[in-house]
Amino acid sequence: CKKGTISMPSNPSTPLVMVGPGTGCAPFRSIAQCQAAHGLQGCLLFFGCRSEQKDFFFRDEWHELSDQGVLSLITAFSRDQEQKVYVQHRIEENGSLVWKLLHEDKAYLYIAGSSKQMPTDVLDAIRTVASQVGRLSSEEVTRFMSELEKSKRIQLDTWS
């Protein structure tokens, strides 16, 4: 495991929530491989792309890691149905799990991929989860997000 721009928690058994649409999944592949090599579990990967059949990067590897219990995989294929579905929609749909991991289990949240609208939409989805599932007021949501940032439990690795 080589050190990169993403800093990992000091406790290797800390759960990880990873959001990597498209090529944003690349750093998470390394993380998941490292977790598997050390017999660790507790990764949740939100992967998104346009089409399951055309650009589901590392599909077989994600499924194998999921079968091994290294990670749980939640996918969003934006063009495979009439209504577009993105990773932020899947985050909200799985809000109870995301809230448990971030709030109760003190998971780290990693977001990687395009720096255009995706990071903002994902962070908005996390705010929605904190508000709706966590039942936090808007001030409490702001404080929660700020605490995640200050403790480096939210990290972005985005590019244009």
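Select C49 first: in this predicted model, C49 counts as buried, at 9% relative accessibility. Next, add C25, which is also buried, with a relative accessible area of 1%. Display the two sulfur atoms and the separation between them. The cysteine sulfur closest to that of C49 belongs to C25, at 8.8 Å, which is too far for a bond. Viewed from C25, the closest cysteine sulfur is in C49, again at 8.8 Å and too far for a bond. How many disulfides does the model contain? The count comes to zero, because a disulfide requires a pair of cysteine sulfur atoms within 2.5 Å.

Proceed to the largest nonpolar core, which has 29 residues. Which members touch the most other members? They are F46 and I91. To see how the core is assembled, colour the elements that each supply at least two of its residues: the strands β1 (16-19), β2 (43-49), β3 (71-77) and β4 (108-114), together with the helices α4 (87-93), α5 (95-104), α6 (118-132) and α7 (138-150). Among the contributors, α6 provides the largest share, seven residues.

Now centre the view on F46 and show its surroundings. Beyond its neighbours within four places in sequence, F46 is in contact with V17, M18, V19, G20 and P21, with I74, and with V87, R90, I91, N94 and V98. I91, the other residue named above for touching the most core members, is thus among the contacts of F46.

Finally, select I31, F47, F56 and F77. These residues are among the 21 that form another core, lying apart from the largest one.

Methods. Residues are numbered from 1 along each chain as its sequence is written. This is a predicted model: local features need pLDDT of at least 70, side-chain atom pairs count only at pLDDT 80 or more; totals for chains, interfaces and linings use all residues. Side-chain values use heavy atoms; hydrogens and water are left out. A nonpolar core is a set of buried Ala, Val, Leu, Ile, Met, Phe, Trp, Tyr and Cys residues joined through side-chain atoms within 4.5 Å. Buried means under 20% relative accessible area, exposed over 50%, partly exposed in between (1.4 Å probe, protein chains only). Helices (H or I, at least four residues) and strands (E, at least two) are DSSP runs, numbered from the N terminus. Contact means heavy atoms within 4.5 Å.
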